[in-house]
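This is a walk through one protein model, taken a piece at a time. Please keep the sequence and the 3D view at hand while reading.

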Amino acid sequence: MDPLLLTLVAGLVGLALGVAGMAAFRASEVQRLRLLYEDEPSLPEGAAEVLSVIGRAYVIVDAIDGVVRASPAAYAFGLVRGHTVVHSELLDLTARVRRDGVIEQQQLELPRGPLGQGTIVVQVRVAALGAEYILILADDRTQITRTEEIRNDFVANVSHELKTPVGAISLLAEAIDDAAEDEVAVRRFAQRMHKESGRLSALVQDIIELSRLQGADVVRRGKPVDINSVVAEAVDRNKLPAESKQIDVVVGGSAPIPVHGDRDLLMTAFRNLIDNAIRYSPEGTRVGVGIRSRDGLVQVSVTDQGVGITPEEQERVFERFYRIDAARSRQTGGTGLGLSIVKHVVSNHGGEVTVWSQPGQGSTFTVRLPEMEGTVDDGGAANTPASADGTAPPVERKPGKRGSTVAHEQGVKA
């Protein structure tokens with residue numbers, strides 16, 4: 001046979017086989033898609049509509065715990081990854097429901113993700129959904145649980161902190177009674193009792209102040225406040241402690257525009273910052289207070305020449321009752337609530353407080369508060385003169401963009 005004819009026949013046969021193979025492949029794909037469509041899980045009537053408005057994260061699993069459906073929140077909480085339920089605790093609950101046919105409910109603390117130590121607290125309710133499926137409902141309780149823990153910790157800390165001065169006063173009273181005939185001993189014990197009663201008074205006052213500011217509605221009850229007069233009065237209230245340690249408190253700069261807030265609370269915050277700087281500064285040094293206005297923010301920095309704060313401790317200095325040096329705090333009369341009060345006051349006023357410090361180089365605490373929007377005269381000063389009580393009168397509000405939070409800068413160095 002002619003070689004050319006053989007080649008032509010072979011090509012036609014190959015083409016026919018290729019076409020047949022493609023047709024078979026397409027038929028197989030159509031059949032597979034048809035089977036998938038026919039086997040697609042179907043929920044009980046009305047279940048999908050109810051789940052869409054229930055407001056909780058949900059996961060639906062089949063007989064082998066494969067994820068049939070899951071809400072976006074379930075993925076966000078880390079309960080589901082791909083088509084798999086991540087946590088064994090959830091799978092144990094589904095197994096129990098499948099075995100016993102009863103609804104299971106439990107609060108679980110689960111890892112937030114595969115890395116890190118973050119956790120999420122969820123209230124889980126697991127129930128059968130139809131004949132084939134198991135429904136997992138999860139309600140995020142992390143914030144509520146954390147708030148409850150903070151409250152319980154606060155009560156426990158207050159109880160512990162109050163026990164120390166109260167117990168000391170009781171023991172000193174007994175010592176005075178036993179040493180009634182020894183005039184020198186009585187005086188010594190009386191001096192120590194006076195010191196402990198002062199600590200107790202300061203602690204109670206700080207607790208009252210902290211409770212008061214937590215309930216303050218600065219947004220609705222606030223007024224224009226001149227920061228310059230507030231800082232000046234805060235410095236004046238710390239005049240005696242500064243003079244007793246021969247510390248100069250130097251104020252520089254000014255803020256031409258007032259802030260919206262509660263003058264008494266702001267006074268408490270700046271008084272605590274300055275008092276803290278004086279307590280932890282060596283005798284004969286200087287505390288610097290810098291005031292400036294920039295990018296729609298009033299910035300007040302308080303700088304001391306103390307021993308400084310390590311980076312690890314800087315993350316905790318604003319916690320309630322946290323003391324960097326507990327022994328020294330007792331000597332200086334610190335309660336461990338001063339900086340916590342500062343943080344709460346500043347947060348309630350829509351601002352922030354930060355700390356810059358290095359061991360051996362002192363510390364700078366910086367408060368930033370948003371300015372009130374108002375008119376400014378040609379000389380650059382706001383038309384908001386302070387009134388007799390130190391607050392500024394209302395100013396005309398104009399639409400405009402508030403200054404965004406600026407990068408942290410080291411404050412005025414003393």
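Helix α8 passes helix α10 in a right-handed crossing. The model in which this crossing is seen is a predicted one. Two packed helices are described by the angle between their axes and the distance between the axes. For α8 and α10 the angle is about 50° and the axes are 9 Å apart. Angles from 65 to 115 degrees would count as roughly perpendicular and angles under 35 degrees as roughly parallel, so α8 is oblique to α10. On the α8 side, the residues that meet α10 include Ile 227, Val 230, Val 231 and Ala 234. On the α10 side, the residues that meet α8 include Leu 266, Met 267, Phe 270 and Ile 274. An α-helix has 3.6 residues a turn, so residues three or four places apart point the same way.

With this pair located, it helps to step back to the whole chain. The protein has 13 helices and 14 strands. Buried residues make up 37% of its 414 residues. Among contacts between residues at least 6 apart in sequence, 64% join residues at least 24 apart.

The next element to follow is the sheet on which α10 lies. This open sheet has 5 strands in the order β9-β11-β12-β14-β13, and its pairing is mixed. β9 (248-253) and β13 stand at the edges with a single partner strand each, so one side of each is left without a neighbour in the sheet. Neighbouring strands here are turned by 15° against each other on average, direction ignored. α10 lies across β9, β11, β12 and β14, and runs at about 170° to β14.

Within this sheet, β11 and β12 run antiparallel and are joined by 7 bridges. Gly 288 stands opposite Thr 303 in β12. β13 and β14 (residues 363-370) also pair in the antiparallel sense, over 6 bridges, and Val 355 stands opposite Phe 365 in β14. The hairpin of β13 and β14 has 5 residues between the strands, and in this hairpin Gly 360 takes a positive phi near 85°.

Is the edge strand β13 enclosed or not enclosed by the rest of the structure? In β13 (residues 352-357), 5 of the 6 residues are buried, so the strand is largely enclosed by the rest of the structure. Helix α13 (residues 338-348) has buried residues of its own: Leu 339, Ser 340, Ile 341, Val 342, Val 345 and Val 346. Just after α13, Gly 350 takes a positive phi of about 75°.

Several of these elements share a nonpolar core. The largest core has 38 residues, and those with the most contacts inside it are Ile 227, Val 231, Leu 266, Phe 270, Leu 273, Val 300 and Leu 369. α8, α10, β11, β12, α13, β13 and β14 each supply at least two residues of this core. α10 gives the most, with 9 residues. Leu 369 shows how the parts come together: not counting residues up to four places away in sequence, the residues it touches include Ile 227, Leu 266, Phe 270, Leu 297 and Val 346. A second, separate core of 21 residues includes Ala 57, Val 80, Leu 110 and Val 124.

There is also another sheet to trace. Here 5 strands form an open sheet in the order β2-β1-β7-β6-β5, with antiparallel pairing. Its edge strands are β2 (67-70) and β5 (104-111), each of which pairs on one side only. Neighbouring strands of this sheet are turned by 25° against each other on average, direction ignored. Helix α4 (residues 88-100) packs on the sheet and touches β1 (57-61), β5, β6 and β7 (133-140). The direction of α4 makes about 165° with that of β5.

β5 and β6 pair in the antiparallel sense over 8 bridges, and the bridge partner of Leu 110 in β6 is Ile 120. Val 122 is found in β6 as well. What is the relative accessible area of Val 122? The value is 1%; buried means under 20%, so Val 122 is buried. Leaving aside neighbours within four places in sequence, Val 122 is in contact with residues including Gln 106, Leu 108, Leu 110, Ala 138 and Arg 141. Val 122 and Arg 141 are 19 residues apart along the chain, with 5.3 Å between their C-alpha atoms.

Key:
Residues numbered from 1 in each chain as written. Predicted model: local features only at pLDDT ≥ 70, side-chain atom pairs only at ≥ 80, totals over all residues. Heavy atoms only, no water. Buried < 20%, exposed > 50% of the residue type's maximum accessible area, 1.4 Å probe, protein only. Helix = DSSP H or I, 4+ residues; strand = E, 2+ residues; numbered from the N terminus. Pairing = 2+ DSSP bridges. Contact = heavy atoms within 4.5 Å. Axes fitted to C-alpha atoms, helices over the stretch in contact; angles between N-to-C directions. Core = buried A, V, L, I, M, F, W, Y, C linked by side-chain atoms within 4.5 Å. Parallel < 35°, antiparallel > 145°, perpendicular 65-115°, else oblique. Left-handed = near helix turned anticlockwise from the far one by under 90°.
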